[in-house]
Amino acid sequence: MLPFLPALALLLAAALPARADTLARIASPGDVLAVTLESQHEGRIAYRVERKGQAVIAPSRLGFLLGDGRLERNVELVGQSSSSFDETWEQPWGERRLTRNHYNELRASFEEKAGAGRDYPRRFDVVFRVYDDGIGFRYEFPRQAAMPQARIRAELTEFTLARPATAWWIPAFEWNREEYLYQRTPLKEIGTAQTPLTLRDDSGLHISIHEAALVDYAGMNLARGDGDVLRAALTPGGDGVAVVRTLPFNTPWRTIQIGEKAADLAESSLILNLNEPNAIGDVSWFTPAKYVGVWWSLHLETETWATGPKHGATTENTKRYIDFAAANGFRGVLVEGWNPGWDGNWFADGGGFDFTRPTADFDLPALARYGAGKGVHLIGHHETACAVSHYERQLPAALALYARNGVDVVKTGYVCDAGDIQRQDEAGGPVRREWHEGQWMSNHHLRVLRQAAARHIAINSHEPIKDTGLRRTYPNWVSREGARGMEFAAWGNPPNPPEHEATLAFTRMLAGPMDFTPGIVSLKGRNGQPLRSTLAKQLALYVVLYSPIQMVADLPEHYAQHPDAFQFIKDVAVDWEESHVLDGEVGEYVTFARKARGSGEWFLGSVGDDHPHALDTPLSFLDPGRRYRAEIYRDGDGANWRDNPFAFARETREVGNGDRITLKLAPGGGAAIRFVPLD
Ligand code: NOJ
Ligand code: CA
């Protein structure tokens, strides 16, 4: 028997996972989170994450599929160092003015062992930044003679949840890009999800997986593998390789936010903190503001983008909007359909768009002058319909035209099916197709931002690449879409459900500001389709869904019918000293309190789902020692989005920070409060 034993032992060793060796460990400044790096069998490396000693992320592998082979096995730790960082930095505009960036960092340097099947060892570092409310890590490829360029076919980064979890997610690689309703399923039922992906594990911890600083790289989605493993699924490039980079380079940060409550996710500044500081200098030329526009009428189909009898972007009609904006203190007027290219089937062919001249019935310079006389700026619109190279060729002249006319915010658009972006590297050359979130588009957006910044123009992208916090580095990237916005209330099939915004607050909004375009006080979409919302909820959205530019999206004549509600929209701030999530559950309800910059006023917004809520809310966020007049806009008795959406009450009351208030939300309802200091 004896001679057989070694063979048996070998067999057993192959079948059982070998012991993992700890390579390094780093904890967050407050010792809340800890990351451990370990080496697994066959020299694979993995990381795991604990929160207060409890496993949150089980051992999860790191690595790549490169053009010259898998970079994953036979990897050896050749050095490590750690450091600490603590600074408070200021946002030029934002949901809060001051942000603390406090983390411990671990840098681990790896090298392939000799004999890995090639005559040179490839080298890379993994850098972890560990905060009390989450972690970020990225791969850094130093310059190395044997690998001048990396062709990344896939990233093998894993995120393995230690426990079963519930997930809120939208699918990746589907035709309508990010404009899907969030599904709530067990983690085990995720297919391939976009990020941010929100999870709640069965111990109640809330977790969000996303990325920060997506620059010159492919966007990361998450594909579910065996069991609870989620693996990075990079967006492909037009030529089949996801990323091509010359060394040295860094990947974006892979981020995992972890908190006890849903509110902790929405309070975290992890994504912004992991981005580089402002690279474009002073942006005091950008003014956070509200805007109106020739827009909702287009979605209602009472006016058209195309020229003709129903053309919305006429000189006369735009003057009407400028007058309305001036009369009510709104700075911007967006005009869509102002340029040639909209006649015919524009979404099938953006090649006809001309961004350098208006249509004959739209006198751009005259309107710019007319607005300037009243303190109103036109907001530009560049719908590309995905003819992106065609757009880029016109970009310098297009931005110059706008800059000459005082336009300092431009809304861009990339309407086409996912994967159908048209890239043409030289005029007349072959047209290649790219994804909205591929490496080429990540660079396209930065080309637009840099050229716009040089002319003091801010950008609001629709059908964008996802937000990864680049507004810190490029603070002229002020807002974007990247989810189902209000347009789905006009014509969505199905329309946005009552819980949509309470879901967005803990999913899409974790990435950054959204140009949701709230304020549809008529509560009706195309052909009278009802919004799944009460009147009070439309007001609450201005506080709940952060953006430094907020549209006052309904028609002027509709606001005239609701002067009480309209007063809140006129009063609400758009730029904040601080922001807090008072309470909330993903997809059920959420309450925000935000303090306006400059004025000392506070605003509260709360939105719910299809059920009534009575939320006992302490006002302890108010400045101590001050008294406030609370102007309360709430659902009236018996309000319900289905059959009584306009039931609405406005009342005032004097309060201080020791008081409490019960927010009664109707089905599909909300509440909005302005707190005016009395001193
Ligand atoms: C989709 C955008 O989200 C919407 O706001 C815009 O009106 C249309 N595209 C046309 O550009
Ligand atoms: Ca859209």
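K52 is exposed, with a relative accessible area of 56%. This residue belongs to a predicted model, and K52 sits in the loop between strand 3 (44-51) and strand 4 (54-61). Its backbone is also notable: phi of K52 is near 45 degrees, a positive value in a residue other than glycine.

A second residue of this kind is E301, which is not a glycine and has a positive phi of about 70 degrees. E301 is located in the loop between helix 4 (296-300) and helix 5 (315-328). With a relative accessible area of 45%, E301 is partly exposed, because the partly exposed class lies between 20% and 50%.

R44 offers another view of strand 3, the element in which this residue is placed. Is R44 buried or exposed? Its relative accessibility is 8%, so R44 counts as buried, the limit for that class being under 20%. The side chain of R44 is in polar contact with the side chain of E42, at 3.0 Å.

**Cis peptide bonds**

The backbone also contains cis peptide bonds that lead into proline. One runs from T195 to P196, with omega near 0 degrees; P196 is in the loop between strand 15 (192-193) and strand 16 (197-201). Another runs from L247 to P248, again with omega near 0 degrees, and P248 belongs to the loop between strand 20 (243-246) and strand 21 (249-250).

**The calcium site**

Which residues coordinate the calcium ion (ligand 2)? The donors come from E179, E463, E481 and E487, through OE atoms, with E481 listed twice, and the distances are 2.3 to 2.6 Å. Along the chain these donors follow the spacing E-x283-E-x17-E-x5-E. The pair E179 and E481 links distant parts of the chain, 302 residues apart. E179 lies in the loop between strand 13 (165-169) and strand 14 (183-186), whereas E481 lies in the loop between strand 30 (477-480) and helix 9 (487-491). Both E179 and E481 are buried.

Why is the arrangement around the calcium ion (ligand 2) irregular? The six donor atoms subtend angles of 51 to 157 degrees, and this spread makes the arrangement irregular. For six donors to count as octahedral, opposite donors must be over 155 degrees apart and all others between 65 and 115 degrees. The lower end of the range at this ion, 51 degrees, falls outside those limits. Ideal angles for six octahedral donors are 90 or 180 degrees.

**The surroundings of ligand 1**

Ligand 1 is surrounded by 13 residues, of which the closest are E336, E383, K411, H462 and E481. E481 is also a donor to the calcium ion (ligand 2). The table gives polar side-chain atoms and their distances from an oxygen atom of ligand 1.

| Residue | Distance to an oxygen atom of ligand 1 |
|---|---|
| W295 | 2.9 Å |
| K411 | 2.7 Å |
| E463 | 3.2 Å |

Taken alone, ligand 1 exposes 300 Å², and the protein buries 95% of that area. E463, listed in the table for its polar atom 3.2 Å from ligand 1, also coordinates the calcium ion (ligand 2).

**The annotated domain**

An unreviewed UniProt entry places the feature "domain: Glycosyl-hydrolase 97 catalytic" at residues 295-483. In the model, the end C-alpha atoms of residues 295-483 lie 18 Å apart. The span is 32% helix and 16% strand.

Key. Residues are numbered from 1 along each chain as its sequence is written. Chains are lettered from A and ligands numbered from 1 in the order in which they are written. This is a predicted model: local features need pLDDT of at least 70, side-chain atom pairs count only at pLDDT 80 or more; totals for chains, interfaces and linings use all residues. Side-chain values use heavy atoms; hydrogens and water are left out. Donors are N, O and S atoms within 2.8 Å of the metal (3.2 Å for Na, K and Ca); water is not among the atoms, so sites may look incomplete. Four donors count as tetrahedral if all angles lie between 85 and 135 degrees; four count as square planar and six as octahedral if opposite donors are over 155 degrees apart and all others between 65 and 115; anything else is irregular. Helices (H or I, at least four residues) and strands (E, at least two) are DSSP runs, numbered from the N terminus. Buried means under 20% relative accessible area, exposed over 50%, partly exposed in between (1.4 Å probe, protein chains only). A residue is near a molecule or strand if one of its heavy atoms lies within 4 Å of it. A polar contact is a pair of N or O atoms within 3.5 Å; within protein, one must be able to donate a hydrogen and the other to accept it, and residues adjacent in sequence count only if both atoms are side-chain atoms. Accessible areas come from the Shrake-Rupley method with a 1.4 Å probe; for residues, only the protein chains shown count as cover. UniProt positions are given in the numbering used here, feature names are shortened, and annotations may be inferred rather than shown by experiment.
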